[in-house]
Amino acid sequence: MAIALLRRRSVEELRERDEGRAERARAKAERRARRALGVREPPRRVDPTFELGRHVDYDHVLPHCKGRVSMPLSRLQRTALVIGAPGSGKTVTLNRLAYGVAMTSDWQIIVIDAKGDPETQRRFAASMCHAGRAVHLFPQQPYDAWRGTGREIANRLVALIDWADEGGGAYYRDLSTNLIRLACTAPDGPPRSSRELLARLDKTGLLVLWAGRPEAQEVERFRDEHIDACRQRYRSFFDATDGQLDGTWAFEDADCAYLLLNELLYAEETSKVGRFLVEDFKQYLAGCNPDGRQVLLIIDEFSAIADGERTARMVEVVRSYGAAVVLAPQSFDGMGGPEAASRILNAAHTIFLHAVADPDPIIKAAGTKMATEWSLQHERGLSTDVGSTRTQHQLRVDPNEVRRLAPGMCIAIGNGRGEKLQIAATPRAGDPPEVQHIFDEPEWVEDDGEPEEPVRL
(Lines give C-alpha, C1' and ligand atoms only; values in the text may rest on other atoms or scores of the structure.)
Protein backbone atom coordinates (compact mmCIF):
# COMPACT_ATOMS: atom_id res chain seq x y z
CA MET A 1 0.00 0.00 0.00
CA ALA A 2 1.41 3.40 -1.04
CA ILE A 3 1.82 5.93 1.70
CA ALA A 4 1.44 9.62 0.79
CA LEU A 5 3.84 11.90 2.61
CA LEU A 6 2.38 15.37 3.14
CA ARG A 7 4.83 18.22 3.57
CA ARG A 8 3.78 20.89 6.01
CA ARG A 9 3.50 24.27 4.35
CA SER A 10 5.65 27.09 5.59
CA VAL A 11 4.25 30.32 6.91
CA GLU A 12 5.26 32.10 3.67
CA GLU A 13 3.48 29.54 1.51
CA LEU A 14 0.31 29.79 3.58
CA ARG A 15 0.41 33.56 3.38
CA GLU A 16 0.85 33.50 -0.43
CA ARG A 17 -2.11 31.10 -0.66
CA ASP A 18 -4.28 33.40 1.46
CA GLU A 19 -3.20 36.48 -0.53
CA GLY A 20 -4.12 34.72 -3.79
CA ARG A 21 -7.54 33.82 -2.46
CA ALA A 22 -8.12 37.37 -1.23
CA GLU A 23 -7.09 38.84 -4.59
CA ARG A 24 -9.46 36.54 -6.47
CA ALA A 25 -12.26 37.44 -4.06
CA ARG A 26 -11.64 41.17 -4.61
CA ALA A 27 -11.72 40.71 -8.38
CA LYS A 28 -14.99 38.82 -8.09
CA ALA A 29 -16.50 41.56 -5.91
CA GLU A 30 -15.44 44.20 -8.44
CA ARG A 31 -17.13 42.30 -11.27
CA ARG A 32 -20.32 42.03 -9.21
CA ALA A 33 -20.28 45.76 -8.49
CA ARG A 34 -19.88 46.60 -12.18
CA ARG A 35 -22.71 44.29 -13.17
CA ALA A 36 -24.98 45.73 -10.47
CA LEU A 37 -24.36 49.26 -11.79
CA GLY A 38 -24.76 48.26 -15.43
CA VAL A 39 -21.12 49.03 -16.26
CA ARG A 40 -20.23 47.14 -19.41
CA GLU A 41 -17.06 45.09 -19.44
CA PRO A 42 -14.53 46.22 -22.04
CA PRO A 43 -14.56 43.92 -25.07
CA ARG A 44 -11.77 41.42 -25.19
CA ARG A 45 -9.48 41.89 -28.14
CA VAL A 46 -6.24 40.41 -29.33
CA ASP A 47 -3.48 42.80 -28.36
CA PRO A 48 -0.44 42.72 -30.69
CA THR A 49 2.68 41.77 -28.79
CA PHE A 50 6.33 41.06 -29.50
CA GLU A 51 8.84 38.92 -27.65
CA LEU A 52 10.91 40.86 -25.16
CA GLY A 53 12.94 38.20 -23.34
CA ARG A 54 12.82 35.36 -20.81
CA HIS A 55 11.34 35.31 -17.32
CA VAL A 56 13.89 34.73 -14.54
CA ASP A 57 12.33 35.48 -11.14
CA TYR A 58 9.81 37.43 -9.06
CA ASP A 59 6.27 38.23 -10.21
CA HIS A 60 4.74 38.14 -13.68
CA VAL A 61 4.32 41.77 -14.77
CA LEU A 62 4.20 41.24 -18.54
CA PRO A 63 2.39 38.51 -20.52
CA HIS A 64 4.32 35.26 -20.63
CA CYS A 65 4.11 31.81 -22.16
CA LYS A 66 6.47 28.96 -21.24
CA GLY A 67 9.01 31.41 -19.86
CA ARG A 68 8.90 33.80 -22.82
CA VAL A 69 7.96 37.36 -21.92
CA SER A 70 6.06 39.55 -24.39
CA MET A 71 5.50 43.30 -24.59
CA PRO A 72 1.98 44.40 -25.61
CA LEU A 73 1.82 47.42 -27.90
CA SER A 74 -1.06 48.79 -25.82
CA ARG A 75 1.22 48.87 -22.77
CA LEU A 76 3.97 50.59 -24.72
CA GLN A 77 1.51 53.30 -25.74
CA ARG A 78 1.89 54.62 -22.23
CA THR A 79 5.12 56.19 -21.02
CA ALA A 80 7.97 53.77 -20.31
CA LEU A 81 11.31 54.26 -18.57
CA VAL A 82 14.52 52.36 -19.27
CA ILE A 83 17.00 53.12 -16.48
CA GLY A 84 20.53 51.80 -16.20
CA ALA A 85 24.16 52.71 -15.72
CA PRO A 86 26.56 52.65 -18.70
CA GLY A 87 27.29 49.05 -19.70
CA SER A 88 24.20 47.64 -17.98
CA GLY A 89 22.43 46.72 -21.22
CA LYS A 90 20.05 49.67 -21.39
CA THR A 91 20.77 50.15 -25.09
CA VAL A 92 19.90 46.51 -25.76
CA THR A 93 16.47 47.04 -24.21
CA LEU A 94 15.84 50.22 -26.20
CA ASN A 95 16.82 48.55 -29.45
CA ARG A 96 14.66 45.51 -28.63
CA LEU A 97 11.64 47.74 -28.04
CA ALA A 98 12.20 49.58 -31.32
CA TYR A 99 12.77 46.36 -33.25
CA GLY A 100 9.67 44.71 -31.77
CA VAL A 101 7.51 47.68 -32.70
CA ALA A 102 8.95 47.73 -36.23
CA MET A 103 8.20 44.03 -36.72
CA THR A 104 4.65 43.97 -35.34
CA SER A 105 3.15 47.34 -36.32
CA ASP A 106 3.24 50.23 -38.75
CA TRP A 107 4.18 52.72 -36.04
CA GLN A 108 6.57 55.49 -36.86
CA ILE A 109 9.76 55.19 -34.76
CA ILE A 110 11.84 58.24 -33.81
CA VAL A 111 14.99 57.99 -31.67
CA ILE A 112 16.82 61.04 -30.30
CA ASP A 113 20.16 59.92 -28.85
CA ALA A 114 21.86 62.52 -26.66
CA LYS A 115 24.78 60.30 -25.67
CA GLY A 116 26.14 60.33 -29.22
CA ASP A 117 27.15 56.69 -29.76
CA PRO A 118 27.63 55.95 -33.51
CA GLU A 119 27.69 52.18 -32.91
CA THR A 120 24.22 52.33 -31.32
CA GLN A 121 22.96 54.23 -34.35
CA ARG A 122 24.44 51.60 -36.64
CA ARG A 123 22.72 48.78 -34.74
CA PHE A 124 19.40 50.61 -34.89
CA ALA A 125 19.72 51.13 -38.65
CA ALA A 126 20.59 47.47 -39.19
CA SER A 127 17.65 46.23 -37.09
CA MET A 128 15.20 48.56 -38.85
CA CYS A 129 16.39 47.38 -42.27
CA HIS A 130 16.09 43.79 -41.04
CA ALA A 131 12.45 44.59 -40.21
CA GLY A 132 11.92 45.96 -43.73
CA ARG A 133 11.69 49.57 -42.61
CA ALA A 134 13.04 52.72 -44.23
CA VAL A 135 15.33 54.70 -41.94
CA HIS A 136 16.69 58.26 -41.92
CA LEU A 137 19.93 58.97 -40.06
CA PHE A 138 21.01 62.33 -38.64
CA PRO A 139 23.52 63.98 -39.01
CA GLN A 140 24.53 61.86 -42.04
CA GLN A 141 21.32 63.08 -43.69
CA PRO A 142 20.80 66.74 -42.63
CA TYR A 143 17.42 67.63 -41.18
CA ASP A 144 15.04 70.28 -42.54
CA ALA A 145 14.28 72.43 -39.50
CA TRP A 146 12.44 75.18 -41.40
CA ARG A 147 9.04 73.71 -42.14
CA GLY A 148 5.82 75.08 -40.75
CA THR A 149 4.48 78.55 -40.11
CA GLY A 150 6.56 81.49 -38.99
CA ARG A 151 5.22 81.28 -35.46
CA GLU A 152 6.08 77.56 -35.25
CA ILE A 153 9.63 78.22 -36.42
CA ALA A 154 9.94 81.07 -33.93
CA ASN A 155 8.80 78.83 -31.07
CA ARG A 156 11.48 76.27 -31.96
CA LEU A 157 14.17 78.92 -32.09
CA VAL A 158 13.13 80.38 -28.74
CA ALA A 159 13.15 76.91 -27.12
CA LEU A 160 16.76 76.15 -27.98
CA ILE A 161 18.31 79.01 -25.98
CA ASP A 162 18.98 78.88 -22.23
CA TRP A 163 17.15 82.00 -21.15
CA ALA A 164 17.40 83.54 -17.69
CA ASP A 165 14.11 83.85 -15.81
CA GLU A 166 14.98 86.69 -13.45
CA GLY A 167 16.70 90.05 -13.44
CA GLY A 168 18.31 91.56 -16.51
CA GLY A 169 18.49 88.18 -18.20
CA ALA A 170 14.70 88.01 -18.38
CA TYR A 171 14.64 91.45 -20.04
CA TYR A 172 17.06 90.35 -22.76
CA ARG A 173 15.11 87.11 -23.16
CA ASP A 174 11.96 89.08 -23.98
CA LEU A 175 13.87 91.32 -26.39
CA SER A 176 15.34 88.35 -28.24
CA THR A 177 12.00 86.56 -28.32
CA ASN A 178 10.35 89.57 -29.95
CA LEU A 179 13.19 89.89 -32.47
CA ILE A 180 12.94 86.22 -33.47
CA ARG A 181 9.17 86.49 -33.92
CA LEU A 182 9.54 89.60 -36.05
CA ALA A 183 12.13 87.81 -38.20
CA CYS A 184 10.00 84.69 -38.62
CA THR A 185 6.51 86.14 -39.06
CA ALA A 186 7.29 88.74 -41.73
CA PRO A 187 4.70 89.27 -44.51
CA ASP A 188 7.05 87.72 -47.08
CA GLY A 189 6.93 84.41 -45.21
CA PRO A 190 9.19 82.70 -42.69
CA PRO A 191 12.90 82.01 -43.23
CA ARG A 192 13.65 78.67 -44.86
CA SER A 193 17.31 78.30 -43.86
CA SER A 194 19.70 79.35 -41.11
CA ARG A 195 21.43 81.73 -43.49
CA GLU A 196 18.17 83.48 -44.27
CA LEU A 197 17.32 83.80 -40.57
CA LEU A 198 20.69 85.36 -39.72
CA ALA A 199 20.31 87.77 -42.62
CA ARG A 200 16.96 88.91 -41.19
CA LEU A 201 18.41 89.59 -37.74
CA ASP A 202 19.52 93.03 -38.81
CA LYS A 203 17.80 96.33 -38.15
CA THR A 204 17.85 97.43 -41.78
CA GLY A 205 16.66 94.03 -42.94
CA LEU A 206 13.79 93.98 -40.44
CA LEU A 207 12.70 97.49 -41.48
CA VAL A 208 12.58 96.37 -45.11
CA LEU A 209 10.52 93.28 -44.18
CA TRP A 210 7.98 95.31 -42.22
CA ALA A 211 7.98 98.49 -44.32
CA GLY A 212 4.65 100.32 -44.18
CA ARG A 213 3.36 98.32 -41.21
CA PRO A 214 3.04 99.17 -37.49
CA GLU A 215 5.71 96.57 -36.65
CA ALA A 216 8.30 98.81 -38.33
CA GLN A 217 7.94 101.28 -35.45
CA GLU A 218 8.64 98.47 -33.00
CA VAL A 219 11.79 97.58 -34.94
CA GLU A 220 12.94 101.21 -34.73
CA ARG A 221 12.83 101.06 -30.94
CA PHE A 222 15.35 98.20 -30.79
CA ARG A 223 18.91 99.26 -30.07
CA ASP A 224 21.58 98.06 -32.49
CA GLU A 225 23.55 96.28 -29.76
CA HIS A 226 20.47 94.27 -28.72
CA ILE A 227 19.90 93.05 -32.27
CA ASP A 228 23.57 92.23 -32.70
CA ALA A 229 23.66 90.27 -29.41
CA CYS A 230 20.66 88.20 -30.51
CA ARG A 231 22.19 87.56 -33.92
CA GLN A 232 25.52 86.47 -32.44
CA ARG A 233 23.80 84.01 -30.11
CA TYR A 234 22.01 82.28 -32.98
CA ARG A 235 25.02 82.50 -35.27
CA SER A 236 27.06 80.59 -32.70
CA PHE A 237 24.42 77.86 -32.66
CA PHE A 238 24.14 77.50 -36.44
CA ASP A 239 27.91 77.63 -36.87
CA ALA A 240 28.13 74.60 -34.56
CA THR A 241 25.47 72.67 -36.50
CA ASP A 242 27.27 73.50 -39.78
CA GLY A 243 24.26 73.24 -42.08
CA GLN A 244 22.94 69.99 -40.59
CA LEU A 245 19.60 71.68 -39.86
CA ASP A 246 19.25 72.88 -43.46
CA GLY A 247 18.50 69.49 -45.02
CA THR A 248 15.60 68.10 -47.04
CA TRP A 249 13.77 65.65 -44.73
CA ALA A 250 11.73 66.08 -41.56
CA PHE A 251 9.68 63.94 -39.19
CA GLU A 252 6.69 63.81 -41.54
CA ASP A 253 8.90 62.20 -44.24
CA ALA A 254 10.37 59.48 -42.01
CA ASP A 255 9.20 55.94 -41.42
CA CYS A 256 11.97 55.46 -38.86
CA ALA A 257 14.65 57.95 -37.86
CA TYR A 258 17.67 58.03 -35.57
CA LEU A 259 18.95 61.48 -34.65
CA LEU A 260 22.42 61.28 -33.13
CA LEU A 261 23.58 64.30 -31.13
CA ASN A 262 27.35 64.00 -31.06
CA GLU A 263 28.81 66.16 -28.30
CA LEU A 264 32.22 66.07 -30.00
CA LEU A 265 30.68 67.94 -32.93
CA TYR A 266 28.25 70.28 -31.18
CA ALA A 267 30.09 70.80 -27.85
CA GLU A 268 28.02 73.15 -25.67
CA GLU A 269 25.31 73.39 -28.33
CA THR A 270 24.33 69.71 -27.97
CA SER A 271 21.49 70.33 -25.52
CA LYS A 272 20.19 73.16 -27.71
CA VAL A 273 20.03 70.93 -30.77
CA GLY A 274 18.12 68.38 -28.71
CA ARG A 275 15.60 70.92 -27.42
CA PHE A 276 15.12 72.25 -30.94
CA LEU A 277 14.35 68.76 -32.29
CA VAL A 278 12.01 67.91 -29.40
CA GLU A 279 10.09 71.15 -29.94
CA ASP A 280 9.84 70.36 -33.65
CA PHE A 281 8.57 66.87 -32.80
CA LYS A 282 5.82 68.32 -30.59
CA GLN A 283 4.73 70.61 -33.41
CA TYR A 284 4.80 67.67 -35.83
CA LEU A 285 2.40 65.73 -33.61
CA ALA A 286 0.11 68.72 -33.19
CA GLY A 287 -0.22 69.75 -36.82
CA CYS A 288 1.79 67.71 -39.33
CA ASN A 289 0.46 64.24 -38.53
CA PRO A 290 -3.04 64.52 -40.02
CA ASP A 291 -3.49 60.76 -40.39
CA GLY A 292 -2.97 60.31 -36.67
CA ARG A 293 -0.32 57.65 -37.22
CA GLN A 294 0.91 56.10 -33.98
CA VAL A 295 4.42 57.33 -33.14
CA LEU A 296 7.04 55.88 -30.78
CA LEU A 297 9.52 58.46 -29.48
CA ILE A 298 12.65 57.19 -27.71
CA ILE A 299 14.92 59.71 -25.99
CA ASP A 300 18.21 58.25 -24.78
CA GLU A 301 20.04 60.26 -22.08
CA PHE A 302 17.28 62.86 -22.10
CA SER A 303 18.81 64.65 -19.09
CA ALA A 304 21.47 65.98 -21.50
CA ILE A 305 18.75 67.60 -23.61
CA ALA A 306 16.56 69.38 -21.08
CA ASP A 307 15.95 69.79 -17.40
CA GLY A 308 13.55 67.45 -15.67
CA GLU A 309 10.67 69.92 -15.43
CA ARG A 310 10.76 70.59 -19.14
CA THR A 311 10.93 66.87 -19.88
CA ALA A 312 7.98 66.14 -17.57
CA ARG A 313 5.89 68.75 -19.41
CA MET A 314 7.01 67.35 -22.76
CA VAL A 315 5.86 63.86 -21.75
CA GLU A 316 2.44 65.18 -20.78
CA VAL A 317 2.07 67.11 -24.05
CA VAL A 318 3.29 64.29 -26.29
CA ARG A 319 1.03 61.73 -24.62
CA SER A 320 -1.98 64.00 -25.09
CA TYR A 321 -1.44 63.66 -28.87
CA GLY A 322 -1.31 59.86 -28.68
CA ALA A 323 2.43 59.28 -29.03
CA ALA A 324 4.23 56.58 -27.07
CA VAL A 325 7.27 57.85 -25.15
CA VAL A 326 10.26 55.88 -23.86
CA LEU A 327 12.76 57.82 -21.76
CA ALA A 328 16.20 56.43 -20.88
CA PRO A 329 18.14 58.12 -18.05
CA GLN A 330 21.15 56.60 -16.30
CA SER A 331 19.74 56.95 -12.79
CA PHE A 332 17.02 58.49 -10.65
CA ASP A 333 19.14 61.64 -10.24
CA GLY A 334 19.40 61.89 -14.03
CA MET A 335 15.73 62.83 -14.29
CA GLY A 336 16.18 66.44 -13.18
CA GLY A 337 15.88 66.42 -9.42
CA PRO A 338 13.48 64.79 -6.94
CA GLU A 339 10.33 66.70 -7.95
CA ALA A 340 10.72 66.19 -11.69
CA ALA A 341 11.82 62.57 -11.20
CA SER A 342 8.70 61.85 -9.14
CA ARG A 343 6.49 63.32 -11.85
CA ILE A 344 8.18 61.22 -14.52
CA LEU A 345 8.03 58.04 -12.42
CA ASN A 346 4.33 58.60 -11.71
CA ALA A 347 3.67 59.06 -15.44
CA ALA A 348 5.54 55.86 -16.36
CA HIS A 349 3.38 52.77 -16.75
CA THR A 350 6.34 50.41 -17.19
CA ILE A 351 9.91 50.70 -15.87
CA PHE A 352 12.82 48.58 -17.08
CA LEU A 353 15.43 48.87 -14.35
CA HIS A 354 18.95 47.71 -15.18
CA ALA A 355 21.90 47.72 -12.80
CA VAL A 356 22.30 51.05 -10.99
CA ALA A 357 24.19 52.05 -7.87
CA ASP A 358 21.15 53.53 -6.10
CA PRO A 359 17.95 51.65 -7.05
CA ASP A 360 16.05 52.40 -3.81
CA PRO A 361 13.91 55.33 -5.09
CA ILE A 362 12.86 53.29 -8.15
CA ILE A 363 12.13 49.84 -6.76
CA LYS A 364 9.50 51.34 -4.46
CA ALA A 365 7.27 51.35 -7.54
CA ALA A 366 7.33 47.52 -7.45
CA GLY A 367 5.42 47.60 -4.17
CA THR A 368 5.84 45.53 -1.03
CA LYS A 369 4.86 42.10 0.25
CA MET A 370 4.18 40.69 3.70
CA ALA A 371 7.11 38.69 5.05
CA THR A 372 7.82 36.93 8.33
CA GLU A 373 11.06 37.65 10.16
CA TRP A 374 12.53 35.41 12.84
CA SER A 375 14.93 36.40 15.60
CA LEU A 376 16.79 34.34 18.20
CA GLN A 377 18.15 35.54 21.50
CA HIS A 378 21.82 34.93 22.21
CA GLU A 379 23.79 35.00 25.41
CA ARG A 380 27.57 35.15 25.31
CA GLY A 381 27.53 34.00 21.71
CA LEU A 382 25.27 31.01 22.33
CA SER A 383 21.63 30.62 21.33
CA THR A 384 19.11 30.43 24.14
CA ASP A 385 16.54 28.75 21.83
CA VAL A 386 14.21 31.60 22.66
CA GLY A 387 13.05 33.69 19.75
CA SER A 388 10.26 35.69 18.23
CA THR A 389 8.65 36.32 14.88
CA ARG A 390 7.01 39.34 13.33
CA THR A 391 5.26 40.05 10.07
CA GLN A 392 5.92 43.27 8.16
CA HIS A 393 6.07 44.78 4.70
CA GLN A 394 9.21 44.20 2.63
CA LEU A 395 10.15 45.43 -0.83
CA ARG A 396 9.23 42.95 -3.53
CA VAL A 397 12.55 43.60 -5.30
CA ASP A 398 15.85 43.26 -3.48
CA PRO A 399 17.95 46.42 -4.10
CA ASN A 400 21.22 44.49 -3.77
CA GLU A 401 20.10 42.14 -6.54
CA VAL A 402 19.46 45.14 -8.78
CA ARG A 403 23.01 46.35 -8.15
CA ARG A 404 24.35 42.94 -9.20
CA LEU A 405 22.28 42.54 -12.38
CA ALA A 406 24.27 41.20 -15.32
CA PRO A 407 24.32 43.22 -18.57
CA GLY A 408 21.11 42.73 -20.51
CA MET A 409 19.14 41.64 -17.45
CA CYS A 410 16.61 43.97 -15.85
CA ILE A 411 13.66 44.27 -13.50
CA ALA A 412 10.39 45.11 -15.26
CA ILE A 413 8.24 47.15 -12.85
CA GLY A 414 4.56 47.84 -13.33
CA ASN A 415 1.21 47.63 -11.55
CA GLY A 416 2.93 47.44 -8.17
CA ARG A 417 4.98 44.37 -9.08
CA GLY A 418 8.44 43.49 -10.32
CA GLU A 419 9.68 40.84 -12.74
CA LYS A 420 13.27 39.85 -13.34
CA LEU A 421 13.92 39.04 -16.98
CA GLN A 422 16.66 38.67 -19.56
CA ILE A 423 16.21 40.91 -22.59
CA ALA A 424 16.56 39.24 -25.98
CA ALA A 425 19.07 40.73 -28.38
CA THR A 426 18.08 42.03 -31.80
CA PRO A 427 19.37 40.33 -34.98
CA ARG A 428 23.03 41.16 -35.69
CA ALA A 429 23.82 39.41 -38.94
CA GLY A 430 25.84 42.37 -40.19
CA ASP A 431 24.86 45.70 -41.62
CA PRO A 432 22.90 45.62 -44.90
CA PRO A 433 24.64 47.34 -47.82
CA GLU A 434 22.15 50.22 -47.69
CA VAL A 435 23.12 51.03 -44.10
CA GLN A 436 26.84 50.64 -44.78
CA HIS A 437 26.53 53.08 -47.69
CA ILE A 438 25.24 55.85 -45.46
CA PHE A 439 27.99 55.42 -42.88
CA ASP A 440 30.71 55.26 -45.52
CA GLU A 441 29.49 58.36 -47.34
CA PRO A 442 32.04 61.16 -46.67
CA GLU A 443 29.57 64.01 -46.84
CA TRP A 444 26.01 64.80 -47.82
CA VAL A 445 25.47 66.69 -51.08
CA GLU A 446 22.20 68.30 -52.12
CA ASP A 447 21.82 67.91 -55.85
CA ASP A 448 18.15 68.16 -56.82
CA GLY A 449 16.31 69.77 -53.92
CA GLU A 450 14.17 66.66 -53.35
CA PRO A 451 13.92 64.85 -50.02
CA GLU A 452 16.77 62.36 -49.75
CA GLU A 453 15.69 58.77 -50.26
CA PRO A 454 15.68 56.83 -46.99
CA VAL A 455 17.48 53.58 -46.50
CA ARG A 456 15.37 50.54 -47.37
CA LEU A 457 16.31 46.88 -47.47
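**Exercise 1. The nonpolar cores**

Task: in this predicted model, find how many residues the largest nonpolar core has and which of them have the most contacts inside it.

Solution:
- The largest nonpolar core has 83 residues.
- Tyr143, Leu157, Tyr234 and Leu259 have the most contacts inside this core.
- Helix α12 (residues 270–287) gives the most to the core: seven residues.
- A separate, second core has 39 residues, including Tyr99, Trp107, Leu137 and Ile423.

**Exercise 2. Around leucine 259**

Task: leave aside neighbours within four places in sequence, and list the residues in contact with leucine 259.

Solution:
- Contact needs heavy atoms within 4.5 Å.
- Leucine 259 then touches Ile110, Val111, Ile112, Asp113, Phe138, Tyr143, Trp249, Phe251 and Leu277.

**Exercise 3. Phenylalanine 237 and phenylalanine 276**

Task: describe the aromatic pair of phenylalanine 237 and phenylalanine 276.

Solution:
- Searching the whole structure gives nine aromatic pairs.
- In the pair of phenylalanine 237 and phenylalanine 276, the centres are 6.4 Å apart and the planes are at 40°, a tilted arrangement.
- Phenylalanine 237 sits in helix α10 (residues 224–241) and phenylalanine 276 in helix α12.
- They are 39 residues apart, so the pair links distant parts of the chain.
- Phenylalanine 237 and phenylalanine 276 are both buried.

**Exercise 4. A pair within one helix**

Task: classify the ring pair of phenylalanine 281 and tyrosine 284, and say whether each residue is buried or exposed.

Solution:
- The ring centres of phenylalanine 281 and tyrosine 284 lie 6.1 Å apart.
- Their planes meet at 55°, so the pair is tilted.
- Both residues belong to helix α12, three residues apart, about one turn of the helix.
- Buried means under 20% relative accessible area.
- Phenylalanine 281 has 1%, so it is buried.
- Tyrosine 284 has 4%, so it is buried.
- Phe281 and Tyr284 form one aromatic cluster with Tyr143, Trp249 and Phe251.

Note on methods
Residues are numbered from 1 along each chain as its sequence is written. This is a predicted model: local features need pLDDT of at least 70, side-chain atom pairs count only at pLDDT 80 or more; totals for chains, interfaces and linings use all residues. Side-chain values use heavy atoms; hydrogens and water are left out. A nonpolar core is a set of buried Ala, Val, Leu, Ile, Met, Phe, Trp, Tyr and Cys residues joined through side-chain atoms within 4.5 Å. Buried means under 20% relative accessible area, exposed over 50%, partly exposed in between (1.4 Å probe, protein chains only). Helices (H or I, at least four residues) and strands (E, at least two) are DSSP runs, numbered from the N terminus. Rings of Phe, Tyr and Trp (its six-membered ring) pair if their centres lie within 6.5 Å; planes under 30 degrees apart count as stacked, over 60 as edge-to-face and the rest as tilted.
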